Amino acid sequence: MNVHESIDVSDHELLERLARDDPPAFESLRNELIAELIDSAPEERQRRLRGLQFRLDCIRRLTHTPLAALIKMQALMWESFLEMEQELQRLVQCFDGDAVSCQAAQQL
């Protein structure tokens, strides 16, 4: 039986208590849930998701406080979001007939 089968993971107060009172159990639950989520993703996405999770785990290990880890992870998220937004803008310009932007987008 999985650890989380007996825990309501939507109960934030329960998760907070578990993290405070039994950090190893909380980490075990967290790792198990993440692994299950990645395993449930389409196979062609799993490698990328595992790589991303590895980066996040490294950030957590290498920072001195949870807040510092959060700030670094948030920066990583925003960096990715802004790159995606730039690509979307290039695509829109391509569809609008901007040949220069379309050529630049095709070169990426």
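Mentor: Before we look at single residues, a cut-off is needed: a residue is buried under 20% relative accessible area, exposed over 50%, and partly exposed in between. Keep in mind throughout that the model in front of you is predicted.

Trainee: Why is Ala19 called partly exposed?

Mentor: The relative accessibility of Ala19 is 29%, a value that falls between the limits of 20% and 50%, and therefore Ala19 counts as partly exposed. Ala19 lies in helix H1, which covers residues 12–21, and its C-alpha atom is separated by 9.9 Å from that of Leu29, ten residues apart along the chain.

Trainee: Why does Gln46 count as buried or exposed?

Mentor: Gln46 has a relative accessibility of 15%, which is under 20%, so the residue counts as buried. Gln46 is found in helix H3, and, leaving aside its neighbours within four places in sequence, it is in contact with Ile38, Asp39 and Ala41.

Trainee: Which other residues of H3 are buried, and what do the buried residues pack against?

Mentor: Besides Gln46, the buried residues of H3 are Gln53, Leu56, Asp57, Cys58 and Ile59, and the buried residues of this helix pack against helix H2 (23–40) and H4. For H2, the buried residues are Leu29, Arg30, Glu32 and Ile38, and they pack against H1 and H3.

Trainee: What makes the length of H3 agree with that of a helix of 20 residues?

Mentor: The expected span is 1.5 Å times one less than the number of residues, so the 20 residues of H3 (residues 43–62) should span 28 Å; the end C-alpha atoms are 29 Å apart, which agrees. The same reasoning applied to the 18 residues of H2 gives an expected 26 Å, and its end C-alpha atoms are 26 Å apart, which again agrees.

Trainee: What makes the pair of Glu27 and Arg60 a salt bridge?

Mentor: The cut-off asks for a side-chain nitrogen of Lys or Arg within 4 Å of a carboxyl oxygen of Asp or Glu, and the N to O distance for Glu27 and Arg60 is 3.1 Å, so the pair qualifies. This pair links distant parts of the chain, with Glu27 in helix H2 and Arg60 in helix H3, 33 residues apart. Glu27, at 26% relative accessibility, counts as partly exposed, as does Arg60 at 35%.

Trainee: Why does the pair of Arg50 and Asp39 qualify in its turn?

Mentor: Their side chains meet at 2.5 Å, N to O, which is within 4 Å and therefore counts as a salt bridge. Here too the pair links distant parts of the chain, Arg50 in helix H3 and Asp39 in helix H2, eleven residues apart. Salt bridges that share partners also join Glu27, Arg30, Asp57 and Arg60 into one network.

Trainee: How many salt bridges does a search of the whole structure find?

Mentor: The search finds six. One of them is formed by Asp21 with Arg20, where the closest N and O atoms are 3.4 Å apart, and both Asp21 and Arg20 are exposed.

Trainee: What makes Leu82 suitable for a nonpolar patch?

Mentor: Patch residues need over 30% relative accessible area and no salt bridge, and Leu is among the nonpolar side chains that are joined within 5 Å; at 46% relative accessibility, Leu82 passes the area cut-off, while still counting as partly exposed. Leu82 is found in helix H4 (residues 66–95), and it forms the surface patch together with Met77, Trp78, Phe81 and Met84, with about 530 Å² of accessible area together.

Trainee: Which helix has the lowest confidence, and which the highest?

Mentor: Confidence is lowest in helix H5 (residues 99–107), at a mean pLDDT of 60, and highest in H3, at 96. Where pLDDT is low, the predicted coordinates should not be read in detail. The chain averages a pLDDT of 88, and 84% of its residues score at least 70.

Trainee: What elements does the chain have, and what share of its residues is buried?

Mentor: The chain has five helices and zero strands, and buried residues make up 18% of its 108 residues.

Notes: Residues are numbered from 1 along each chain as its sequence is written. This is a predicted model: local features need pLDDT of at least 70, side-chain atom pairs count only at pLDDT 80 or more; totals for chains, interfaces and linings use all residues. Side-chain values use heavy atoms; hydrogens and water are left out. Patches are made of residues with over 30% relative accessible area and no salt bridge: like charges are joined within 9 Å, nonpolar side chains (Val, Leu, Ile, Met, Phe, Trp, Tyr) within 5 Å. Accessible areas come from the Shrake-Rupley method with a 1.4 Å probe; for residues, only the protein chains shown count as cover. Helices (H or I, at least four residues) and strands (E, at least two) are DSSP runs, numbered from the N terminus. Buried means under 20% relative accessible area, exposed over 50%, partly exposed in between (1.4 Å probe, protein chains only). Contact means heavy atoms within 4.5 Å. pLDDT is the predictor's confidence in each residue, from 0 to 100.
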